[in-house]
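User: Please examine one helix of this model closely and describe what surrounds it. A formal account with explicit cut-offs would be appreciated.

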Amino acid sequence: MLYAILAYHVEDEILSWTPEQDAAVVAKVIEVQAPLRASGQFGPAARLDETRKARTLRGPGAGMVLDGPFAETKEQLLGFHLMECASEEEAIAAARKLRAVNPTAVYEIRPVKLYVPADGFGATSG
């Protein structure tokens, strides 16, 4: 079963990190990802850009594009990991490993109902 592990955090806190602090957290997350990737469990992961750059499409017909997300939460969705896990317990264990190196983040673990694989997009810079 595929699981999406969604990473929530207080965006203002992340944006307040120095480039060095940010790079240190990212390096630790990559260390946690490495054995999961080597085992074939770890799929695509992404770090999303600032929520102020987000747009929401909603409404009937062609819909209306609105600025930003409209979640009523303190944390914002800032990224995700896609993993192949045999059980929910295994997905939770993987999320715990990710949280161990970024303990102020909140992780939502959700089974993936539909998966459309990537078509060769390369990694982004930054």
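The discussion below concerns helix α2 and the sheet on which it packs.

Analyst: This is a predicted model, for which local features need pLDDT of at least 70 and side-chain atom pairs count only at pLDDT 80 or more, whereas totals for chains, interfaces and linings use all residues. Residues are numbered from 1 along each chain as its sequence is written, and side-chain values use heavy atoms, with hydrogens and water left out.

The sheet provides the setting. Its four strands are arranged in the order β2-β5-β1-β6, forming an open sheet with antiparallel pairing; helices (H or I, at least four residues) and strands (E, at least two) are DSSP runs numbered from the N terminus, and two strands pair if DSSP finds at least two bridges between them. At the edges lie β2 (42-47) and β6 (106-111), each of which pairs on one side only. From one strand to the next, the twist averages 20°. Strand β5 (residues 76-84) runs antiparallel to β2 and is joined to β2 by four bridges. In this pairing, alanine 45 of β2 is placed opposite histidine 81 of β5.

Helix α2 covers residues 19-38 and packs on this sheet, where β2 and β5 are the strands touched; contact means heavy atoms within 4.5 Å. The direction of the helix makes about 165° with that of β2, where axes are lines fitted to C-alpha atoms, for helices over the stretch in contact, and angles run from 0 to 180 degrees between N-to-C directions. The 20 residues of α2 should span 28 Å at 1.5 Å a residue, and the end C-alpha atoms are indeed 28 Å apart; the expected span is 1.5 Å times one less than the number of residues. Just after the helix, glycine 40 adopts a positive phi of about 85°.

Which residues of α2 are buried? They are Val25, Val29, Val32, Gln33 and Leu36, where buried means under 20% relative accessible area, exposed over 50%, and partly exposed in between (1.4 Å probe, protein chains only). An α-helix has 3.6 residues a turn, so residues three or four places apart point the same way. Among the elements that cover the buried residues of α2 are β2, β5 and α3.

The nonpolar cores extend this picture. A nonpolar core is a set of buried Ala, Val, Leu, Ile, Met, Phe, Trp, Tyr and Cys residues joined through side-chain atoms within 4.5 Å. The largest one has 19 residues, and those with the most contacts inside it are Ile5, Leu36, Met83, Cys85, Ala94, Leu98 and Tyr107. Two or more residues of this core come from each of β1 (2-9), α2, β5 and α3 (88-101). Leucine 98 touches Val29, Val32 and Gln33, together with Ile5, His81 and Tyr107, not counting residues up to four places away in sequence. Another core, of six residues, lies apart from the largest one and includes Ala4, Leu6, Leu82 and Val112.

One charged pair is found in edge strand β6 of the sheet. Glutamate 108 forms a salt bridge with arginine 110, and the closest N and O atoms are 2.2 Å apart; a salt bridge is a side-chain nitrogen of Lys or Arg within 4 Å of a carboxyl oxygen of Asp or Glu. Glutamate 108 is partly exposed at 24% relative accessibility, and arginine 110 is partly exposed at 44%. The whole structure contains five salt bridges.
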